[in-house]
Structure formats: C-alpha cells, structure tokens
Amino acid sequence: MEVGRRLTRLPFGPLHPATKEPALLMLTVDGERVVEAELRLGYVYRGIEALAQTRNIVQVLHLVERVCGICSHAHPFCYVQAVESVAGIEPPGRALYIRTIVAELERLQNHLLWMGVLGYQLGFTALFMYAWRVRESVLDILEEMTGNRIMRGVNAIGGVRVDLSDRVKAKMEALVKDARKWAAFLSDVLHDKTVEARLAGVGVLTRSDAVSTGAVGPTARASGVDFDVRRDYPHAAYEDLRGAFSVPVLSSGDALARAEVRVAELAESANLLEAALDTLPSDRRSPPPPHRVLREVPEGESVAKVEAPRGELFYYARTDGKGFLKRLRIRTPTLANLPALAVMLKDVELADVPAVYASIDPCISCTERVLVVDARSGAWRETSLRELGKGCGAAC
Amino acid sequence: MLALELLAAAPLIATASLLYDGVDRKVRARMQGRVGPPLVQPFYDFVKLLSKDRIVPRASARLIYTTSPLLSSALAVTAGSLLLAGLAGSLRVPGDVVLILSLLTVASLLLMVGGASSGNPYAAVSLARGVSVLFSYKVPMMISVIAASAGGAPLLSVAGAVELQRKSGPLALSSVSGALALASFLLCMPSEGEVTPFDVTTAETEVVYGFMIEYGGPYLALAKLAKSVSRFTAALLASSLFLYTPLGSRPVELAACALGAVVLALISITALGTFVARVRVRQVAGFYLRLPMVLALGALAALLLGRF
Amino acid sequence: MGIGKIMKDAATRLFRKPSTIGYPLKPERVEVPDSYRGAIDFDPKLCVGCMLCVRFCPSGAITVADKRRIAFDLARCIYCGQCAEVCPRKAIKLTKEFELIYESIESFKQQ
Ligand code: SF4
Ligand code: SF4
C-alpha cells in the first residue's frame, strides 16, 4: 500500500439498492476508484441440492423450478433432460418444441428484465419502465399459455404439461414482430449518448480473461468467446432449428458489448420463435403418469446442459432406481460468471460498479450452493470467492 | 413588517414546493406509462415521516447530525420566502438575488455535512462528490443570475428585475443576454434539485442515497423538504428573473410566474431526468465548465456589449 | 449517437392510458387465465383415499388424518398443480383465486 493513499472499505451489499439480491461486494476504494473487489456469498443459501435428495424424481421437478424466479423454465428444462437420458425416455417432438418455445420466451423476458435493471442502475428510469412494460406482454402470453407468469410448470418427465392452442400461437406470432421492434428500439437507446458514455469501455473483460475465468453466456460472448449451448450442444428442438438463428458475438468485452449481445439475442430469439412456431409438430402425446415415471427410471447418472438466458446451465443427476435421487448437482451460469466479475471490477470507478455488477446479470439466490462446512466443529462459514479459488484451484 | 411577511410566505413556499414534487412524480410516472402516486403524496410522505421515531447512529456527531436537517430546511424556506417577498414587491434589499442563491448553497452544504457526520462511508463519499458538484454548477448559475439582474435592474434585486420586466416584457424573450442566461440557469437546475442526470451525490445505486443514507423519520422529512424547497425556489427564481410577464395586475402576474416555475421545472428537472441516464462524477464538472459556463459568460458578454 | 432517444416514446406515453392499474385501491382486477393455478378446491366426496396426491406433493402440503382423510395446508402449498394432475378421481382443482390474504398464518391454514 502506498503511503498517503487513503483507502476506504465500502460494503457494497449485502443490502444495497443496486444488488437487489443479498451478495456482498467488499470494495476497497481510493477516492472514487475501486482498488479491490471481493465477493462474499452465503446470505441466501437454501439447501436445494440436499432437499432434492429427500424428494422423489417428480417432486424434484417442482423443486428445481423454484431455484430461480427468472429462469424458472431453464432449470426444469435441464433437469428433465438429465432424467430422461437416464431413463431413455423420448418425449414427443411437439413437447420438445413447446419446451424450446417457452425457453425462448423466457430468454426474451429475461433480457428485457435485464435491460430494465440496467436502466435503473444508470438512473435511466424511462428505459427501466419501457423494458419492464414490454416484458409484461411476454409474460401475458406465457400466462395465457401455461396459467402462470413465472413458475409455469411446463415440463414433465417425458413431455410437457401444457399444450399450445392456436389462439396463443397467433399471439406469439404477433409477439415475434413486436420483439424485433423492441430489439431495434433498445439497440438505438443503448447508443444514446448518455448511456453509451456510461457503458463503453467500462468493466472490460478480455477474451483470455473470459476463457480463464470460465465465463459463460452473454458475458462470455461479449468478450469474443463464440459458444452457445443451443448451437454447440443442440438439444430439444434446437437441433432442427439450427439454421434459424445465429449467435451474436462481440469482441470489445465491455459493459456496452454485454448489453448489445443481449439486445441482439432478443432478435435472435424472435427468429427462433418464428421458426419453431412455423414447424411445430403435431404429435400430441401426454407424458407418462408420474407413478410410472418413478418405476421406470433406473439407477444411473447423467448430465444435461441448456443455454439459460444467463449462460450455460448444467445439471448432474444420479438416480437410485427407486424413484429417488442420490445426488443432484446444479451449476448455474452466475456461478461461472462471478470470477469474471472480480476481474471486471478491478480499477473501475465507484460510479461504474452498479452497471458492471449488473452487466453479468447476476442471480445470486440461484447460485448459492456453496457453503464451507468445518467438518470438525460442524460450523459453517461464508466464503469468499478468492478463498474458494485457493481451495479447489481450477476445479471450480 | 417584513418578518411577518416572511412568516406568512414560509408555509406558502413549502406547500408549493411539495405540490410541485407531486406534479413531478405524477408526470414522471405518466411518461413511463405508470399511474403514479396521487398529487399530494409528498404531503403524506412528509406527515408519515414526521410521525416516525428519531434514530441517531451511534457513530454520528450527534449535534450536527440532528440539527442540520432542521437548519437546512429553515434556510431553504427562508430563501424561498425572501424570493416571494421580493416578487410581491415588499422586499427591496439590494443583492437579495445573491442572498437567495447563497442561502440555497448553504442549505445544501449543511445537509451534506450533517449526513456525512453520520459516520457512514457512503455519506463520506457523497460529501466529497457533493462539494465538487456544488462548485461546478454554482458558478455558471451565479453568473447567469448576475447577468440577468444586472441588466436594467441594478443592485441585483428580485424586485428590481420584476419592475424592469413589467416595463419591457420577459427578459429571456426581450434580450439575447436574458435568453442565454436562462438556458444556462435551466441546465444548472437539475443539480440544484439533485435529480438525474446530475444526482451523483444521492444516486441510490451508486452511493445508496449518499448523505441521506442514515436519515430517517423526522430528519428525513426535513431533509426532503429542504431539497424540495431548494428545487422549487430555483425554478421560481428562474421564472421571476427571466420570464416575468406583465399581465396588468400583480396577483395574476404572480400566479403566472408560479406556473412558469412549474413549467420550467417540468422541462429541466422532470423531463430531462426521465430521458437520460445519470452521468459520472467527473463528467459533471466537465459538463458545467463547458456548455452552461459558455452560455452564462455569453450572457454576460452580450449584456456588456449591448451597453457599450 | 444522439441524446434522448427515448424521448418520443416517453412523451407520447404521457397522453396514453397507463399500463399499470390502481390495484387494490381501485376496484379494477386483472383477469387470470383459466389455467391459472390458485387456491385449491378439494372435494372430499370424490376422494377415494388413494394417497397419490400425498405421494407426489413436493412441498408436503397435503396432510393425512386417520382413515386416509386428507387436508391441505395452503401456507405450505406452492401451487404446482401436481396433486390435481395425479388425482385419479379429479377431486382436486386449482382455482383462479389468487388473493390469498389473511391476517395470520392460522387463519390462512384454516381455509
Ligand atoms: S398444488 Fe402442489 S404443493 Fe400444492 S398441494 Fe398440490 S401438489 Fe402440493
Ligand atoms: S389423489 Fe385424489 S383420490 Fe387420491 S387421495 Fe388425493 S384427492 Fe383423494
């Protein structure tokens, strides 16, 4: 530490209007400049993975739907794929399409929500409210289709629980057009001088940093990492829809690029939706009844991944052959992106912390699955990412 | 006599300020497609906050922390009342324009210091930011006001400016210097009112409401009152110095002047704050050194050129 | 580049009907779709006590008294609809009722 520098420790969280969810960024600032940022988690640990081992496979489906309130489709979407691959169940084609359609609608609403949050972080209230207002029209359609705005309960093991009526389908087709308009408008607003001044060149994550910290999703794609589970490990209907979408990749790696990637993904999701609605198969078949599922899933293990709105979501499931899970492991995209956040926050201005923090679209309560338990005393303690990095090295 | 009048003017300016806050919130909400709170919401807030417990952080410098909201709001209200008295023609003190602006400055400073005395690190960051913002916008603001009232109204008094405009029409419409000065003043108003894009001192996502962070209950009520009175007083000052319109009778003119203040505030505070993102601290100083400063100096130059 | 790109949208909004409503102070209500999963409507007369719903309820919101009489604890329920789905007698329905506001958890449970 240099002599004469006055360093202040500024707790950015766990209760902070910019973080929304309880995470603590312990900032060391020199005047307005952030010298060091240290992330501490552990405020919303819910023990979901342990809970999953006490429920049967069908019950866990509803449990994982509640891992995240925003991507409440991505989690069960991924989970059913893991279980289905253990059991060798092939869902009907229409079910795969419906899952895909809901996943893309979810991406739309997630990115719109995120745009709103970005607007809020920048004190740009009109953008905030615009994004959230148009997001409602996505949620309205999802509600009409599935009954609920979030926690939609679309997935079942071996199929889906809802069908797509022609009326909803027509509405979705109209939504596709709207979504393109929103994307065009939002990309225009991102280049508003006051917005650009706040985002361009801020919180830069270079490509090599993105690779070495293991960033995923839009965060990685804005740093030039050309990876998208939907294209590179196609599942559900993405295999058929390969030609319908492209993966936006930018190279500048700043907060503006992360925003632009998301806006471009809005348009790509619209393309995907359009293609999926066009080619929607008609083999309606209801999923096997739950008690049969419990009987039919053998002992085994499997992994699955999907491209959640925030990035690659990974599930590992090991079944015991009696209808229960021996182990469920969830790796959420935010967990993969948090180390990248620490890199981005080096040397930014205090004023930029909220925007940079938001730019990875963190979802803390989904991520909280890490708890260090002292085996001898049984006491648990919160852990900072840095300590964690020391403990398990590259493995995490 | 004057003291009595000021006493009568105080509730008037406080009410008008809170009412404008209500208009601001409503219009903002409607521009964002929301229903928004009722017009009198700021009054509800004020009363409710007054009724809450007084909490003083243990780490705070108690005396400063507890008295500064009161002092600050008293100073802001005094500034507003002086302006009203000047408008009504009963106050003819030379230099009262400068007095009003200085009172507003001291009111802001007091509040920042009071908040910073809470011991919260965010408040300390906010104080540092606030001082730099204060110095960057007060200079062009002061110059533009001087340019306006030095014209035909010597001695820099509100009453003088009003008399001048009663004779020759609104300053901003009748002279280049007035128009430039008004433009500069309008750009300074968002900083005076601490609203986006210049609300770096109290930005909730950056510094968690800055120096207001620890205030709650009656202290917060008074702190908010001080802010809202400063905001409206600045608008009213602009309206009376630059846009006072002769309409025959004084009460009508005063009402028009108040309305003008609301319109000016709607443009420079409400609308501007909705349309753009917040700037960075460094950018605030840079901004005020450029456009508003140039405008204000231009106004001064135009005035001098016109004279000689 | 440019400034105030959202200006036009915001300015026209000013004169349009807002997207929000004054709920709950104004007697306006947003209709929920028929497939909404709200408060549970259980018909004991139809129930045959097969216990399938109990087995599949993820939150343990369905309790069993003696003689296989089941009851719902709405404070635990997560409104997933799994019970209605597995019930062979269609004795369970999820209604459109979403205003589940009570003064205490006890009064809620008694529902
Ligand atoms: S809706 Fe779900 S949580 Fe509620 S009682 Fe039925 S199965 Fe249980
Ligand atoms: S599943 Fe239906 S019939 Fe069986 S116990 Fe539950 S309510 Fe009764």
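Start by selecting C:Tyr79, which is buried, with a relative accessible area of 17%. The cut-off for that word is a relative accessible area under 20%. Before going further, keep in mind that this is a predicted model.

**Stop 1: two residues with a positive phi**

Stay with C:Tyr79 and look at the chain on either side of it. C:Tyr79 sits in the loop between strand S3 (69-72) and helix H3 (82-86) of chain C. What is the phi of C:Tyr79? Phi is near 55 degrees there, a positive value in a residue other than glycine. That deserves a second look because most residues other than glycine have a negative phi.

Now move to chain A and select A:Met151. A:Met151 also has a positive phi, of about 45 degrees, although it is not a glycine. To find A:Met151, look in the loop between H5 and strand S4 (155-156) of chain A.

**Stop 2: around chain A**

Helix H5 of chain A is also where you will find A:Ala126. Is A:Ala126 buried or exposed? A:Ala126 is buried, with a relative accessible area of 5%. Try drawing a distance from the C-alpha of A:Ala126 to the C-alpha of A:Pro281: the two are 41 Å apart in space and 155 residues apart in sequence.

Next, select A:Val35 in strand S3 (residues 33-41) of chain A. A:Val35 is partly exposed, with a relative accessible area of 23%. Its label follows from the cut-offs, because partly exposed lies between buried, under 20%, and exposed, over 50%. From A:Val35 to A:Arg9 is 9.9 Å, C-alpha to C-alpha, with their positions 26 residues apart in sequence.

Before leaving chain A, show helix H2 (residues 57-65) and helix H3 (residues 74-87) together. Their axes come within 8 Å and cross at roughly 155 degrees. Angles over 145 degrees count as roughly antiparallel, and H2(A) and H3(A) are therefore roughly antiparallel to each other. The crossing of H2(A) and H3(A) is right-handed.

**Stop 3: a helix pair in chain B**

Switch to chain B and select helix H3 (residues 62-88) along with H10(B). Two packed helices are described by the angle between their axes and the distance between the axes. What are those values here, for H3(B) and H10(B)? The axes come within 8 Å and cross at roughly 25 degrees. Angles under 35 degrees count as roughly parallel, so H3(B) and H10(B) are roughly parallel to each other. Their crossing is left-handed. Colour the contact of H3(B) with H10(B) by residue type and you will find 17 nonpolar residues, 7 polar and no charged.

While H3 of chain B is on screen, pick out B:Ser73, which lies in this helix. B:Ser73 counts as buried, at 5% relative accessibility. Its C-alpha is separated by 31 Å from that of B:Leu180, a residue 107 residues apart from B:Ser73 along the chain.

**Stop 4: the largest pocket**

For the last stop, turn on a surface and look for the largest pocket, which holds about 1300 Å³ of space. Of the 36 residues that line this pocket, the closest to its centre are B:Arg25, B:Glu204, B:Tyr209, B:Lys224 and B:Arg231. Select those five to bring the centre into view.

Which elements give two or more residues to the lining of the largest pocket? They are helix H5 (125-146) of chain A together with helix H1 (2-31), helix H2 (41-50) and helix H10 (217-242) of chain B. H10(B) gives the most to the lining, with 7 residues. Finally, colour the lining of the largest pocket by residue type: the residues divide into 16 nonpolar, 7 polar and 13 charged.

Key: Residues numbered from 1 in each chain as written. Chains lettered and ligands numbered in written order. Predicted model: local features only at pLDDT ≥ 70, side-chain atom pairs only at ≥ 80, totals over all residues. Heavy atoms only, no water. 1 Å grid on protein atoms, 1.4 Å probe; cavity = no way out; pocket = protein on both sides within 12 Å on 5 of 7 lines; lining within 4 Å. Points joined across faces, edges and corners; volume = space filled by probe spheres on them. Helix = DSSP H or I, 4+ residues; strand = E, 2+ residues; numbered from the N terminus. Nonpolar A, V, L, I, M, F, W, Y, C, P; charged D, E, K, R; others polar. Axes fitted to C-alpha atoms, helices over the stretch in contact; angles between N-to-C directions. Parallel < 35°, antiparallel > 145°, perpendicular 65-115°, else oblique. Left-handed = near helix turned anticlockwise from the far one by under 90°. Buried < 20%, exposed > 50% of the residue type's maximum accessible area, 1.4 Å probe, protein only.
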